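Me: Please take a close look at one part of this model for me. I would like the salt bridges and the elements that carry them, then whatever stands out in the loops.

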Amino acid sequence: MYRVAVITSSDKGAAGEREDKSGGIICDMVKQKGFQVVSTMILPDEKELLKQHMKLICDQNQADLILTTGGTGFSPRDVMPEATAEIAQKLVPGISEAMRYGAMQITKRAMLSRGISAIREATLIINLPGSPKAVRESLEFILDELDHGLAILTGKATECAREDKING
């Protein structure tokens, strides 16, 4: 069972002026996958604060996966990709590319998402969009494949080759 931390980046959500529906969708979807949600938080769109919380979760091995929602658009206050990049030790562009590719089949506006994916220590960080619909769609594109990546990252698996491809 993988441990998941969910971080919502939203000034209005942090101030109690908007309900965080996207964070709840993330929690529901990862729980259905058999993951354990170990923390949820709603933080304002403040780069240093976002960095501090993500870094703490990674460096103290509190979660195997951090899923963020919000802060990936064009607004001057949208800083989640920058916060993630500044604490990243390795980038994982394929995850974000897959989400954007899948979402482009639904709406061309998916090209406007700036979310990134990265690794710090033994934690994978994935920036998801802010809208509940886009969060659900994005997770549907990647969730099944995360098992393998997390198994390798956390040391639960050491082989990258798929068994069905080795023997068949």
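Reply: What follows starts with a helix pair, moves through the salt bridges, and ends in the loops.

The model is predicted. Keep that in mind throughout.

**The helix pair**

Start with helix α2, residues 21–32, and helix α6, residues 132–154. The two pack at an angle of about 25°. Their axes lie 9 Å apart. Angles under 35 degrees count as roughly parallel, so α2 and α6 are roughly parallel to each other. The crossing of α2 past α6 is right-handed.

**A bridge to α6**

Now the charges. The side chains of K33 and D147 form a salt bridge, with N to O at 3.2 Å. K33 sits in the loop between α2 and β2, the strand at 36–43. D147 belongs to helix α6. The two residues are 114 apart in the chain, so this pair links distant parts of it.

How exposed are the partners? K33 has a relative accessible area of 27%, which makes K33 partly exposed. D147 is at 29% and also counts as partly exposed. Partly exposed covers the range between under 20% and over 50%.

**A bridge within α6**

Helix α6 also holds a bridge of its own. E137 pairs with K133, and their closest N and O atoms are 2.5 Å apart. The two residues are four apart in α6, so about one helical turn separates them. Which partner is buried, and which is exposed? E137 is buried, at 16% relative accessible area. K133 is exposed, at 53%. The cut-offs are under 20% for buried and over 50% for exposed.

**The network at α3 and α4**

Next, the other helices. E86 and K47 meet in a salt bridge, 2.8 Å from N to O. E86 lies in helix α4, residues 80–87. K47 lies in helix α3, residues 47–59. The partners are 39 residues apart in sequence, so the bridge ties together separate parts of the chain. E86 is partly exposed, with a relative accessible area of 44%. K47 is partly exposed too, at 29%.

This pair has company. K47, E48, K51 and E86 are linked in a network of salt bridges. For the model, the count of salt bridges comes to eleven.

**The loops**

Two loop residues deserve a look for their backbone. N61 is not a glycine, yet its phi is positive, at about 50°. N61 lies in the loop between α3 and β3, the strand at 65–69. With a relative accessible area of 43%, N61 is partly exposed.

E121 is another residue other than glycine with a positive phi, near 55°. E121 is placed in the loop between β5 and β6, the latter at 123–128. At 44% relative accessibility, E121 counts as partly exposed.

Finally, the surface. Which residues form a nonpolar patch there? F74, M111 and L112 do, and together they have about 340 Å² of accessible area. L112 lies in the loop between α5, residues 93–104, and β5, residues 117–120. The relative accessible area of L112 is 38%, so L112 is partly exposed. Patch membership needs over 30%, and L112 is at 38%.

To recap the charges: K33 bridges to D147, E137 to K133, and E86 to K47.

How values were computed. Residues are numbered from 1 along each chain as its sequence is written. This is a predicted model: local features need pLDDT of at least 70, side-chain atom pairs count only at pLDDT 80 or more; totals for chains, interfaces and linings use all residues. Side-chain values use heavy atoms; hydrogens and water are left out. Patches are made of residues with over 30% relative accessible area and no salt bridge: like charges are joined within 9 Å, nonpolar side chains (Val, Leu, Ile, Met, Phe, Trp, Tyr) within 5 Å. Accessible areas come from the Shrake-Rupley method with a 1.4 Å probe; for residues, only the protein chains shown count as cover. A salt bridge is a side-chain nitrogen of Lys or Arg within 4 Å of a carboxyl oxygen of Asp or Glu. Buried means under 20% relative accessible area, exposed over 50%, partly exposed in between (1.4 Å probe, protein chains only). Axes are lines fitted to C-alpha atoms, for helices over the stretch in contact, and angles run from 0 to 180 degrees between N-to-C directions. Angles under 35 degrees count as roughly parallel, over 145 as roughly antiparallel, 65 to 115 as roughly perpendicular and the rest as oblique. A crossing is left-handed if the near helix is turned anticlockwise from the far one by less than a right angle, and right-handed if clockwise.
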